Amino acid sequence: MKKLLFIACIFSSLYCSAQQQLAFPFQGGAPVMTRFFKDSLMVGHDIIAKKATGVAVLKFTADVNGVVQKIVIYYADDYLITLPAIEALKKSTKKWIIPDKEKFHDFIIPFSINYNAPATGVAEVQKAAYDFYKRRKPIIARDQIPLNDATLLPTVVVNYDVK
């Protein structure tokens, strides 16, 4: 009986394999990724002064070691919005986990940057935000996005206080 049980264990261990796909490609999961980017994304004085808001959709490549490479802007409401997002993305090096049997993997991550509504002086803030909106220069990708080879990550939403 012991030999039969031992042989059964050996055969079952041969059929077991490591996990092929990871649940989430950031070390620690989605909540850790969201917290990391909220802590790492520093909104600059120029964004605060212009009351800039908008979305930036970035594609990047991570290698086996989790190093971020080849950052591409697919869409952005303005170049100003992309600057803190790119800097935060560079800080995330060594935190990405790519699927097994791949040397590189592409990820698409949207960032949304907005301001918190102030308690007073709402009209001035709205005017400044509208002025930014009128003068913004969107960045739009002219090439198709290869979604079959990329992983779409959840949107990172960052709100800043208007001074």
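Helices in these legends are DSSP runs of H or I with at least four residues, numbered from the N terminus. The views show a predicted model.

**Figure 1. Overview of the protein and its secondary structure.** The protein contains five helices and six strands. Along the sequence, these elements follow the order α-α-α-β-β-α-β-α-β-β-β. Of the 163 residues in the protein, 36% are buried. Among contacts with a separation of 6 or more, 81% are between residues 24 or more positions apart. The protein exposes about 10,500 Å², and carbon and sulfur atoms supply 59% of that area. Five salt bridges are present in the structure; those in helices α4 and α5 that are described below include K90 with E87 and D131 with K127.

**Figure 2. The salt bridge between K90 and E87 in helix α4.** Side chains of opposite charge can pair when their charged atoms come close. Here the side chains of K90 and E87 form a salt bridge, with an N to O distance of 3.9 Å. This distance falls within the 4 Å cut-off for a salt bridge. Both residues belong to helix α4, which covers residues 79–91. K90 and E87 are three residues apart in this helix, so about one helical turn separates them. An α-helix has 3.6 residues a turn, and therefore residues three or four places apart point the same way. K90 is partly exposed, at 47% relative accessibility. E87 is also partly exposed, with a relative accessible area of 44%.

**Figure 3. A salt-bridge network in helix α5 formed by K127, D131 and K134.** D131 pairs with K127 in a salt bridge whose closest N and O atoms are 3.2 Å apart. These two residues lie four residues apart in helix α5 (residues 122–135), about one helical turn from each other. D131 also forms a salt bridge with K134, and there the closest N and O atoms are 4.0 Å apart. K134 and D131 are three residues apart in α5, again about one helical turn. Through shared partners, the salt bridges join K127, D131 and K134 into one network. Which of these residues are exposed, and which are partly exposed? K127 counts as exposed at 54% relative accessibility, because exposed means over 50%. D131 is partly exposed, with a relative accessible area of 22%. K134 counts as partly exposed at 49%.

**Figure 4. The buried and exposed faces of helix α5.** Helix α5 has 14 residues, which at 1.5 Å a residue should span 20 Å; its end C-alpha atoms are 20 Å apart, in agreement with that value. V125, A129 and F132 are the buried residues of this helix. Seen down the axis of α5, the buried residues fall within an arc of 55°, so they line one face of the helix. They pack against α3 (45–50), α4 and β3 (104–116). The face turned away from this buried side carries the exposed residues A123, E124, K127 and R135. K127 is thus on the face of α5 away from the buried side, and pairs with D131 in the network of Figure 3.

**Figure 5. The buried face of helix α2 and its cover.** Where in helix α2 (residues 30–40) are the buried residues? They are M33, F36, F37 and S40. Viewed down the axis of α2, these residues fall within an arc of 90°, so they line one face of the helix. The cover over them includes α4, β3 and β6. On the face of α2 turned away from the buried side are the exposed residues P31 and D39.

**Figure 6. Pairing of strands β3 and β6 around S112.** Strands β3 and β6 run parallel and are joined by six bridges. In a regular strand the side chains alternate between the two faces of the sheet. Strand β6 (residues 156–161) has V156, V158 and Y160 on its covered face. Its uncovered face carries V157, N159 and D161. In strand β3 lies S112, which stands opposite V157 in β6. Is S112 buried or exposed? S112 is buried, because its relative accessible area of 12% is under the 20% limit. Leaving aside residues up to four places away in sequence, S112 touches G54, V55, T155, V156, V157 and V158.

How values were computed:
Residues are numbered from 1 along each chain as its sequence is written. This is a predicted model: local features need pLDDT of at least 70, side-chain atom pairs count only at pLDDT 80 or more; totals for chains, interfaces and linings use all residues. Side-chain values use heavy atoms; hydrogens and water are left out. Buried means under 20% relative accessible area, exposed over 50%, partly exposed in between (1.4 Å probe, protein chains only). Contact means heavy atoms within 4.5 Å. Accessible areas come from the Shrake-Rupley method with a 1.4 Å probe; for residues, only the protein chains shown count as cover. The expected span of a helix is 1.5 Å times one less than its number of residues. The arc is that of the directions from the helix axis to the C-beta atoms. Two strands pair if DSSP finds at least two bridges between them.
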